[in-house]
Amino acid sequence: MGCYDCCVRCIGAVPYPSLVATLLCYAGMALFCGCGHEALSQTEVLVETYFARNVQDYVAMASFIKYFQYVIYGLASFFFLYGILLLAEGFYTTSAVKQTFGEFRSTQCGRCLSLTFIIVTYILAFIWLAVFAFSAIPVFFLFNMEQTCHNINILAETTPSINQHGWICMDARQFGLLPWNAMPGKSCGMTLASICKTSEFYVTYDLYIAAFAGAGITLLALFLYLVATTYNYAVLRFLGRKGIR
């Protein structure tokens with residue numbers, strides 16, 4: 001067998017769906033965990049600087065951010081290991097690999113392992129769908145805040161009186177960032193417009209968008225994993241029924 005034939009067989013033995021899903025999973029988790037971690041830190045700074053005066057008003061939010069950052073560390077480690085396992089399972093159950101190394105051998109344990117990966121991946125995809133929806137909340141909040149600031153700037157240019165846009169506010173309490181008894185809990189008028197002009201606001205906004213995109217990429221990777229593992233399991237069952245073990 002020549003070098004060219006060996007290269008062709010090795011390339012054909014690669015489980016490309018699992019490989020693409022692994023790369024997407026790692027890229028998505030890097031975006032979600034890295035940008036999400038930093039965005040949470042920036043959110044704490046924004047809230048305690050512009051929306052709360054008393055430390056007790058945002059202590060619950062600070063504790064939540066701290067614990068969720070630890071959760072992010074755990075998610076990064078878990079998906080790194082799980083991606084390796086799914087990629088290894090893809091190599092193991094790819095028919096091209098079995099044809100390369102000889103007779104196709106499928107055991108009951110191998111089929112059970114593939115079914116286990118299908119169930120676990122399905123559960124993870126369902127859970128991550130909720131995470132994906134949850135990550136849209138801060139993006140929605142900051143998007144509304146940016147649009148509100150835009151409206152204030154338009155009114156400031158068209159109306160001579162400062163009181164005309166003083167009633168336009170952004171209330172952090174409505175989004176659960178602060179308790180309802182927090183003071184002031186909201187920012188209005190030109191004060192709000194000045195917040196939107198700070199670099200902290202735009203950095204936080206961009207970080208949350210990147211984290212949201214990372215969650216979407218990870219969700220896509222889980223769906224690809226689900227398709228790949230289901231196909232591999234179907235091949236094992238089909239070959240098992242044909243008596244090829």
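Visitor: Is T121 buried or exposed, and what is its relative accessible area?

Guide: Good place to start! The model here is a predicted one. Buried means under 20% relative accessible area. T121 has a relative accessible area of 0%, so T121 is buried.

Visitor: Where is T121 found, and what is T121 in contact with?

Guide: T121 is found in helix α5. If we leave aside neighbours within four places in sequence, T121 is in contact with Y82, L86, L222, Y225 and L226.

Visitor: And A125, which helix does A125 lie in?

Guide: A125 lies in helix α5. With 5% relative accessibility, A125 counts as buried. Its contacts, again leaving aside neighbours within four places in sequence, are L219, L222 and F223. You can also look at A125 together with A221: 96 residues separate them in sequence, and their C-alpha atoms are 9.1 Å apart in space.

Visitor: What does a partly exposed residue look like? Let's take V59 and its relative accessible area.

Guide: Partly exposed is the class between under 20% and over 50%. V59 has a relative accessible area of 38%, so V59 is partly exposed. The place of V59 is in helix α3. V59 and L178 are 119 residues apart in sequence, with a distance of 9.1 Å in space from C-alpha to C-alpha.

Visitor: How many helices and strands does the protein have?

Guide: There are eight helices and two strands. Along the sequence, the pattern reads α-α-α-α-α-α-β-β-α-α.

Visitor: How much of the protein is buried, and how much of its contact count comes from residues far along the sequence?

Guide: Of the 245 residues in the protein, 40% are buried. Among contacts with a separation of 6 or more, 80% are between residues 24 or more positions apart.

Visitor: Let's turn to one helix. Which residues of α7 are buried?

Guide: In helix α7, residues 189-196, the buried ones are G189, L192, A193, I195 and C196. They cover an arc of only 155° around the axis, which means they sit on the same side of α7.

Visitor: Which residues of the largest nonpolar core touch the most other members?

Guide: The core has 47 residues, and those that touch the most other members are W128, L142, M145, L178 and L222. At least two residues of this core come from each of α2, α3, α5, α6, α7 and α8. The largest share belongs to α8, with eleven residues.

Visitor: What does W128 touch?

Guide: Not counting residues up to four places away in sequence, W128 touches M29, F32, L75, F79, A215, T218, L219 and L222. You have met L222 already: T121 and A125 are each in contact with L222.

Visitor: How do I read empty space, and what is the volume of the largest pocket?

Guide: The general idea is that rolling a probe the size of a water molecule over the atoms shows where empty space is left. In this structure, the largest pocket has a volume of about 580 Å³. It is lined by 31 residues, and the closest to its centre are L40, F64, P138, L177 and Y208. Two or more lining residues come from each of α2 (16-50), α3 (59-93), α5 (108-134), α6 (136-158) and α8 (199-241).

Visitor: How many residues of that lining are nonpolar, polar and charged?

Guide: The lining of the largest pocket has 25 nonpolar residues, five polar and one charged.

Technical notes. Residues are numbered from 1 along each chain as its sequence is written. This is a predicted model: local features need pLDDT of at least 70, side-chain atom pairs count only at pLDDT 80 or more; totals for chains, interfaces and linings use all residues. Side-chain values use heavy atoms; hydrogens and water are left out. On a 1 Å grid over the protein atoms alone, a cavity is a set of points where a 1.4 Å probe fits but cannot get out, and a pocket is an open set with protein on both sides within 12 Å along at least five of seven lines; lining residues have an atom within 4 Å of a point. Grid points are joined across faces, edges and corners, and a volume is the space filled by probe spheres set on the points. Helices (H or I, at least four residues) and strands (E, at least two) are DSSP runs, numbered from the N terminus. Ala, Val, Leu, Ile, Met, Phe, Trp, Tyr, Cys and Pro count as nonpolar, Asp, Glu, Lys and Arg as charged, and the others, Gly among them, as polar. Buried means under 20% relative accessible area, exposed over 50%, partly exposed in between (1.4 Å probe, protein chains only). The arc is that of the directions from the helix axis to the C-beta atoms. A nonpolar core is a set of buried Ala, Val, Leu, Ile, Met, Phe, Trp, Tyr and Cys residues joined through side-chain atoms within 4.5 Å. Contact means heavy atoms within 4.5 Å.
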